[in-house]
Amino acid sequence: APDRIRLTGIEVTAVHGVYAEEKITPQLFVIDLACSLRPRPDVDDLATTVDYADLARRVAATARTGSVDLIETLAERISEVCLADPRIAEVEVTVHKPQASLGVAVADVAVTITRRNLT
């Protein structure tokens, strides 16, 4: 099985959503990543693996940028950021929207996608 890096609970405040109110009132989004890595040399060197601090910063910056209607679209954008690193073979991205207004009590709403690196 490949090595995996998991980042859970990256919190960002952003203006994603279908409704006009969501375009102007920021709300919380929580992002989880599970990255399957390509094989690497057995050495104790950060350059041989994914710098998860840098990855978390890049994902958060992407999630804060612009406004999309669907959290599915946001998950796609985040997967593209992850797969831009050739050391990542596959990524599972979950975007949670815990403050989504659904008209009924729901603890969380989330979308999960899995994408592979084709390069």
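This passage walks through the strands, helices, nonpolar core and salt bridges of a predicted model.

The sheet makes a handy starting point. Four strands line up in the order β1-β2-β3-β4, forming an open sheet with antiparallel pairing. β1 and β4 sit at the edges, each pairing on one side only. On average, neighbouring strands are turned by 15° against each other, with direction ignored. As a reminder, strands of a sheet pair through backbone hydrogen bonds, either parallel or antiparallel.

Within that sheet, β2 (27–37) has partners on two sides. With β1 (4–14), β2 pairs in the antiparallel sense over 9 bridges; here Val-12 stands opposite Phe-29 of β2. With β3 (88–96), the pairing is again antiparallel and runs to 8 bridges. Two spots pin down that register: Val-30 faces His-96 of β3, and Ser-36 has Glu-90, also in β3, as its bridge partner. β2 is mostly covered as well, with 10 of its 11 residues buried.

Then come the helices that lie over these strands. α2 (52–64) lies across β1, β2 and β3, and runs at about 35° to β1. α3 (71–83) lies across β2, β3 and β4 instead, running at about 150° to β3.

What does the inside look like, and which residues have the most contacts in the largest nonpolar core? That core has 29 residues, and Ile-31 and Leu-33 are the ones with the most contacts inside it. At least two residues come from each of β1, β2, α2, α3, β3 and β4. The largest share is that of α3, which supplies 7 residues. Ile-31 gives a good feel for the packing. Leaving aside neighbours within four places in sequence, Ile-31 is in contact with Leu-7, Thr-8, Gly-9, Ile-10 and Val-12, among others. The list of contacts also includes Val-59, Ala-63 and Ile-78, along with Val-93, Thr-94 and Val-95.

On the charged side of things, the structure holds 6 salt bridges. One of them joins Lys-97 to Glu-22, with the closest N and O atoms 2.7 Å apart. Lys-97 lies in the loop between β3 and β4 (110–116), while Glu-22 belongs to helix α1 (residues 20–24), so this pair ties together parts that are 75 residues apart in sequence. Both Lys-97 and Glu-22 are buried.

Helix α1 takes part in another salt bridge through Lys-23, whose side chain meets that of Asp-69 at 2.6 Å, N to O. This pair, too, links distant parts of the chain: Asp-69 sits in the loop between α2 and α3, 46 residues apart from Lys-23. Buried or partly exposed: how do these two residues count? Lys-23 counts as partly exposed because its relative accessibility is 30%. Asp-69, at 43% relative accessibility, therefore counts as partly exposed as well.

A further salt bridge brings together the side chains of Asp-85 and Arg-87, at 2.9 Å from N to O. The two ends of this bridge fall into separate classes. Asp-85 has 7% relative accessibility and so counts as buried, whereas Arg-87, at 32%, counts as partly exposed.

Note on methods. Residues numbered from 1 in each chain as written. Predicted model: local features only at pLDDT ≥ 70, side-chain atom pairs only at ≥ 80, totals over all residues. Heavy atoms only, no water. Salt bridge = Lys/Arg side-chain N within 4 Å of Asp/Glu carboxyl O. Buried < 20%, exposed > 50% of the residue type's maximum accessible area, 1.4 Å probe, protein only. Core = buried A, V, L, I, M, F, W, Y, C linked by side-chain atoms within 4.5 Å. Contact = heavy atoms within 4.5 Å. Pairing = 2+ DSSP bridges. Axes fitted to C-alpha atoms, helices over the stretch in contact; angles between N-to-C directions.
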